[in-house]
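Thanks for sharing this one. Here are my notes on a helix pair and on the empty spaces, in the order I would go through them with you.

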Amino acid sequence: MSQQVLSIIVLVLIVLLATLRNVNMGAVAFLGAFLVGTLIFDESEDDLFSGFPGDLFVVLVGVTLLFAIAKANGTVDWLIHVGVRAVRGRIAFIPWVMFLVTALLTTVGAVVPGAVAIMAPVGMTFAVRHRINPMLMGLLIINGGSAGGFSPIGVFGVITNGVVERSELPGNPGLLWVGSFLFNALLSVVVFFMFGGRELLNRRVDDTPAPEPEPEPEPEPEPDGAGGTTATTAATATRTTTSTVPEVTTLSPQRIVTLTGLLLLVVGALAFDIDVGLLALSIATVICVLFPKDTKAGVAQVAWPTVLLICGIVTYVSLMERVGTIEMLGDSVADIGVPLLAAFVICLIGAAVSAFASTTGILGALIPLAVPFLLTGQVGAVGLIIALAISSSVVDSSPFSTSGALTVASSPEDVRDRVFRGLMIWGLSMIIVAPVLAWTIFVLPGWL
């Protein structure tokens, strides 16, 4: 067995161990990089640390700190409130407001699971209050996160474009963003009409009275093995979520400063090409200095598990690149003999793995696997990268992926099982549907 094959087996074990044992994949990847690098490839500590993605670390810490502050001080709630008022209470537009606000958050740098975590409790609250199918609301929030995530300053986009640039491949960050946004928007139109959107077209908020609060019953004894503590806690959390609707209608000085900071982030990164991580971290730090008491807990709200996941996976993949494993795998895909089939296989692998793991980690691992194949020029690099990005992100609706799991957790208890089953069916079907559509649109015609 060659050393390169052994490094692939270790990568598979990293994914399996992290999934089966519910351990952060990044932590396991760091362990794998340390053991494989030192024991098999005799690398020094400096060699191992050379693969650590310092730029991505700053991006993830900076943007998640900034959005943790924006969530805590009510800026995000104010944006949601403005969005709902903008549609003048038309119920059919409310899911689309959630789609657009989630897309906006991820477009300007919020981590996709973080944006879903912000929006899902609010969206599911609206769904219950105004009798909207929770599947419709949940999927539009998830799709909105994926739609904006591939912007040039979005986390998905930063990861994908960074890998493309480091691999010296032709890339098109703008087309990647537009392609992903349109794909998710059109998919959401299908979702809208599949899950009861037509019935909402003639309804308004004023026509749908809020449900009367019910008295809270005393918790009943649970049978052995039923998880009584968990069920009772979930019910309490559901009652709290359902009764909480953001009523932020004013702009306080802190919210004005935060909105200004978000605007500066977008303008600085897009118009002046300032590093998004350093800029976001700088803006967040200024807000912390101005409002120290209100932002003290912000650092604890940074998406540290995501930071660990990304940095660990990228560090291990960098090891695989240095020892020639990535080149060997790419050559193997190219040896399939049918370039279009090889491209479809890569998209299918991305969708299948991402449905059960974090998309952020999968993007960092799979795109490098396609690099040697793309360098042959047999398939358009831009088209395949877009197809792989879409295939790996649309399946986030699976309840086994982070965004899907957050949506299930945010659902009221009486519909939670139905939402879980619905997302499972939908998400697993996307493992086939998304690669087929993305490959057909972006790879097969050969126009990219």
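1. Are α10 and α20 parallel, perpendicular or oblique to each other? Keep in mind that this is a predicted model. Helix α10 covers residues 173-194 and helix α20 covers residues 381-394, and the two pack at an angle of about 40 degrees. That angle is over the 35 degrees that bounds the roughly parallel class and under the 65 degrees where roughly perpendicular begins, so α10 and α20 are oblique to each other.

2. The axes of α10 and α20 lie 10 Å apart, and the crossing of these helices is right-handed.

3. On the α10 side, the contact is made by Leu175, Leu176, Gly179, Ser180, Phe183, Asn184 and Leu187. Their partners in α20 are Val382, Ile386, Ala389, Ile390 and Val394. By class, the contact of α10 with α20 has nine nonpolar residues, three polar ones and no charged ones.

4. Next, the cavities. The structure holds two of 30 Å³ or more, and the largest cavity has a volume of about 60 Å³. Its lining consists of Asn161, Val164, Pro170, Gly171, Asn172, Pro173, Leu176, Val382, Ile385 and Ile386.

5. Which helices supply that lining? At least two residues each come from α9 (155-166), α10 and α20, and α20 gives the most, with three. You may recognise Leu176, Val382 and Ile386 from the helix contact, since these residues are also listed in the lining of the largest cavity. The lining of this cavity divides into seven nonpolar and three polar residues, with no charged ones.

6. Now to the largest pocket, which has a volume of about 990 Å³. Its lining counts 39 residues, and Pro113, Pro305, Thr306, Thr402 and Leu406 are the ones nearest its centre.

7. Several helices contribute two or more residues to the lining of the largest pocket: α1 (3-20), α4 (54-72), α7 (112-129), α15 (292-295), α16 (304-322) and α21 (402-410). Of these, α4 gives the most, with seven residues.

8. What classes of residue line the largest pocket? The lining has 24 nonpolar and 13 polar residues, along with two charged ones. For your comparison, the lining of the largest cavity has no charged residues, and neither does the contact of α10 with α20.

Technical notes: Residues are numbered from 1 along each chain as its sequence is written. This is a predicted model: local features need pLDDT of at least 70, side-chain atom pairs count only at pLDDT 80 or more; totals for chains, interfaces and linings use all residues. Side-chain values use heavy atoms; hydrogens and water are left out. Axes are lines fitted to C-alpha atoms, for helices over the stretch in contact, and angles run from 0 to 180 degrees between N-to-C directions. Helices (H or I, at least four residues) and strands (E, at least two) are DSSP runs, numbered from the N terminus. Angles under 35 degrees count as roughly parallel, over 145 as roughly antiparallel, 65 to 115 as roughly perpendicular and the rest as oblique. A crossing is left-handed if the near helix is turned anticlockwise from the far one by less than a right angle, and right-handed if clockwise. Contact means heavy atoms within 4.5 Å. Ala, Val, Leu, Ile, Met, Phe, Trp, Tyr, Cys and Pro count as nonpolar, Asp, Glu, Lys and Arg as charged, and the others, Gly among them, as polar. On a 1 Å grid over the protein atoms alone, a cavity is a set of points where a 1.4 Å probe fits but cannot get out, and a pocket is an open set with protein on both sides within 12 Å along at least five of seven lines; lining residues have an atom within 4 Å of a point. Grid points are joined across faces, edges and corners, and a volume is the space filled by probe spheres set on the points.
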